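Notebook open, coffee poured. I want to walk through this model piece by piece and jot down what I find.

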Amino acid sequence: MDTVENKFEALPLLSLNHVSLLCRSVWDSMRFYEEVLGFVPIKRPSSFKFNGAWLYNYGIGIHLIENPSLDDFDSFAEPRQINPKDNHISFQCTDVGLVLRRLEDMGMKYVTALVEDEGNKVEQVFFHDPDGYMVELCNCENIPIVPLSSCSFKPRLNSFIKSAPAKCGFVENAMMESLSMEMLNISF
């Protein structure tokens, strides 16, 4: 079977900037993201003419957009079952046991899961925000990131310098570049 060559260079992405979420109440959602997950409110552009909030921490932003009529067109009106295979946003944490104790102290419903691979174990905790969006907290760093391809990696240190296209896919290149940069940061 012939493989299709990618004729286009990948978009010049740097990182994930933010996740935008519709919410019934900006106040309730802000409280959740601040008190439960440790996000900090930040200034948002004054040109916005709708109720919302921006929060930031851990290198990522959460943008809340208030839509009180969310119940009219969304299935979040009824509490959803916590399903680890559903859409979710995941954060690595330092202590899964502490996460579980704090969620219990707050009276929050959650589901746990365990992922195992070659002797490595990842503990996962899933729960919902006030609007039913699922959040995962885990120790995912326990399973190493290993590219599926054995392609050679060519870092894009300067996007202005044209180089020969890599012999592997975008995902493998992005993973290897990210991993290489993380390793450089660790070594200093």
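I started with β5 and β8, which pair in the parallel sense over five bridges. For my own bookkeeping, two strands pair if DSSP finds at least two bridges between them. Helices (H or I, at least four residues) and strands (E, at least two) are DSSP runs, numbered from the N terminus. Along this pair I found Gln92 opposite Cys138 in β8.

Before going on, a note on the source: this is a predicted model, where local features need pLDDT of at least 70 and side-chain atom pairs count only at pLDDT 80 or more, while totals for chains, interfaces and linings use all residues. Residues are numbered from 1 along each chain as its sequence is written, and side-chain values use heavy atoms, with hydrogens and water left out.

**Entry: the sheet**

Which order do the strands of the open sheet have? I read β5-β8-β7-β6, four strands with mixed pairing. β5 and β6 are the edge strands with a single partner each, so one side of each has no neighbour in the sheet. On average, neighbouring strands here are turned by 25 degrees against each other, direction ignored. At the β6 end, β6 and β7 pair in the antiparallel sense over seven bridges. One bridge I looked up joins Glu116 to Lys121 in β7.

I then checked where the β5 side chains go. In a regular strand the side chains alternate between the two faces of the sheet. β5 does alternate: Ile89 and Phe91 point to one face and are buried, whereas His88, Ser90 and Gln92 point to the other and are not. Buried means under 20% relative accessible area, exposed over 50%, partly exposed in between (1.4 Å probe, protein chains only).

Just ahead of β5, Asn87 sits in the loop between α2 (70-73) and β5. It counts as exposed at 68% relative accessibility. From Asn87 to Met134 I get 6.8 Å, C-alpha to C-alpha, although they are 47 residues apart in sequence.

**Entry: α3**

What does α3 touch in the sheet? It packs on β6, β7 and β8, and its direction makes about 20 degrees with that of β7. Contact means heavy atoms within 4.5 Å; axes are lines fitted to C-alpha atoms, for helices over the stretch in contact, and angles run from 0 to 180 degrees between N-to-C directions.

In α3 I noted Val96, Val99 and Leu103 as buried. They lie on the same side of the helix because they cover an arc of only 50 degrees around the axis, the arc being that of the directions from the helix axis to the C-beta atoms. The buried residues of α3 pack against β7 and β8. On the other side, Arg102 and Asp105 are exposed.

I checked both ends too. Asp95 caps the N-terminal end of α3, with a side-chain oxygen 3.1 Å from the backbone nitrogen of Gly97. After α3 comes Gly107, whose phi is positive, near 70 degrees.

**Entry: the core**

The largest nonpolar core has 25 residues, and Tyr33, Leu37, Leu64, Phe127 and Val135 touch the most other members. A nonpolar core is a set of buried Ala, Val, Leu, Ile, Met, Phe, Trp, Tyr and Cys residues joined through side-chain atoms within 4.5 Å. α1 gives the most to this core, with four residues.

I listed the contacts of Phe127, leaving aside neighbours within four places in sequence; among them are Phe32, Leu37, Leu103, Tyr133 and Val135. His128 lies in β7 and is buried, at a relative accessible area of 16%. With residues up to four places away left out, His128 touches Phe32, Arg80, Gln81, Ile82, Met108, Tyr133 and Met134.

**Entry: odd phi values**

Most residues other than glycine have a negative phi. Tyr58 has a positive one, near 60 degrees. Its place is the loop between β3 and β4, and Tyr58 is exposed at 54% relative accessibility. Glu118, also not a glycine, has a positive phi of about 50 degrees. Glu118 lies in the loop between β6 (111-117) and β7 and is exposed, with a relative accessible area of 75%.

**Entry: whole chain**

Last look: I count four helices and eight strands. Of the 188 residues, 27% count as buried.

Key. Polar contact = N/O pair within 3.5 Å; in protein donor to acceptor, adjacent residues only side chain to side chain.
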